[in-house]
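Q: Please take a close look at one part of this structure, a place where two helices pack against each other. Start with the chain as a whole, then describe the contact and what lies beside it.

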Amino acid sequence: MYRQEKVKPYGENGEKGQLVERMFDNIAPAYDTLNHRLSWNIDKWWRHRAIAHLQPHHPQSILDIATGTGDFAILAAEKLKPQRVVGADISEGMMAVGREKVHKHQLDKVISFAKEDCLNLSFGDAAFDAVIAAFGIRNFQDLDKGLSEMYRVLKKGGHLCVLELTTPVSFPMRQLFKVYSHTILPLYGKMISHDKGAYDYLTASIEAFPQGEKMMDILSKAGFAETCFKRLTFGICTLYTATK
């Protein structure tokens with residue numbers, strides 16, 4: 001069993017979920033700017049790679065876990081043309097930004113948002129053809145429970161598609177990424193968001209999260225089949241796929 005309570009925003013005592021909610025509410029106005037700049041806009045390409053994996057399967061109902069400001073949900077709606085996409089997140093501040101973006105893209109009839117505890121989703125069993133998540137599951141207080149819920153709401157034969165930030169494994173990218181994530185990332189994050197703690201946590205959460213084969217084992221134990229992973233951009237991001 002893998003648990004993540006030890007890595008928390010702000011280094012404070014208390015439930016990780018509550019601290020994560022507070023952190024994302026704090027940084028919501030600056031989140032998109034930081035997300036794109038800190039990744040040099042490569043995060044957009046990562047999402048496109050993930051959506052391309054789902055295109056042959058034509059999912060009509062999609063749940064975007066830890067949707068944040070809705071970028072993944074919007075891309076899924078535009079590229080996959082499903083009947084509905086639900087963006088679930090613990091942070092109302094992030095989803096408020098997402099709702100504005102969805103309205104600008106004229107996708108209000110397709111995309112809806114729901115404040116959800118991702119460890120205890122309100123949706124029924126087998127409710128979605130696909131479950132997706134981008135850069136969010138490492139924030140779960142209990143990864144096993146979160147993945148169990150994602151498995152539960154997925155239809156039999158449905159597809160899981162997860163993007164997560166990871167630590168490169170090869171020289172020299174591993175060393176370069178360590179320097180970047182421990183110096184430039186938190187400094188720039190503080191300058192834009194005025195919340196240094198959030199970007200100190202980002203680095204710590206990436207380093208603590210299980211990666212590659214370890215993550216595949218955790219997915220298998222949650223019940224998923226056909227688990228696979230692919231490292232993107234020298235291993236800075238990893239795409240995990242699986243089926244139910």
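A: The chain, seen here as a predicted model, has a secondary structure of 8 helices and 7 strands. Its radius of gyration is 17 Å, and the globule rule gives 18 Å for 244 residues, so the chain is as compact as a globular protein of that length. Measured out along the principal axes, the C-alpha trace spans about 45 × 40 × 35 Å. Of the 244 residues, 55% are buried. Contacts between residues at least 6 apart in sequence can also be sorted by separation: 72% of them join residues at least 24 apart.

Now to the two helices. Helix H2 covers residues 42-54 and helix H3 covers residues 71-80. Their axes are 10 Å apart, and the angle between them is about 45 degrees. Angles under 35 degrees count as roughly parallel and those from 65 to 115 as roughly perpendicular, and H2 and H3 are therefore oblique to each other. The crossing of the two helices is right-handed.

The contact can be followed residue by residue. H2 contributes Arg 47, His 48, Ala 50, Ile 51 and Leu 54. On the side of H3, the residues are Asp 71, Phe 72, Leu 75, Ala 76, Lys 79 and Leu 80. Sorted by type, the residues of this contact are 7 nonpolar, 1 polar and 3 charged.

H3 is mostly covered, with 8 of its 10 residues buried. Among the buried residues of H3 are Asp 71, Phe 72, Leu 75, Ala 76 and Leu 80, and these five names also appear in the contact with H2. Ala 73, Ile 74 and Ala 77 are buried as well. Just after H3 comes Lys 81, which has a positive phi, near 55 degrees.

Beside the contact there is also Gln 55, in the loop between H2 and strand S1 (61-65). Leaving aside residues up to four places away in sequence, Gln 55 touches Lys 79 and Leu 80. Both of these residues belong to the H3 side of the helix contact. The relative accessibility of Gln 55 is 35%, so Gln 55 counts as partly exposed; buried would mean under 20% and exposed over 50%. Another residue, Thr 166, is 111 residues from Gln 55 in sequence, and the two are 25 Å apart in space, C-alpha to C-alpha.

Technical notes
Residues are numbered from 1 along each chain as its sequence is written. This is a predicted model: local features need pLDDT of at least 70, side-chain atom pairs count only at pLDDT 80 or more; totals for chains, interfaces and linings use all residues. Side-chain values use heavy atoms; hydrogens and water are left out. Axes are lines fitted to C-alpha atoms, for helices over the stretch in contact, and angles run from 0 to 180 degrees between N-to-C directions. Helices (H or I, at least four residues) and strands (E, at least two) are DSSP runs, numbered from the N terminus. Angles under 35 degrees count as roughly parallel, over 145 as roughly antiparallel, 65 to 115 as roughly perpendicular and the rest as oblique. A crossing is left-handed if the near helix is turned anticlockwise from the far one by less than a right angle, and right-handed if clockwise. Contact means heavy atoms within 4.5 Å. Ala, Val, Leu, Ile, Met, Phe, Trp, Tyr, Cys and Pro count as nonpolar, Asp, Glu, Lys and Arg as charged, and the others, Gly among them, as polar. The radius of gyration is taken over C-alpha atoms; the globule rule is 2.2 Å times the number of residues to the power 0.38. Buried means under 20% relative accessible area, exposed over 50%, partly exposed in between (1.4 Å probe, protein chains only).
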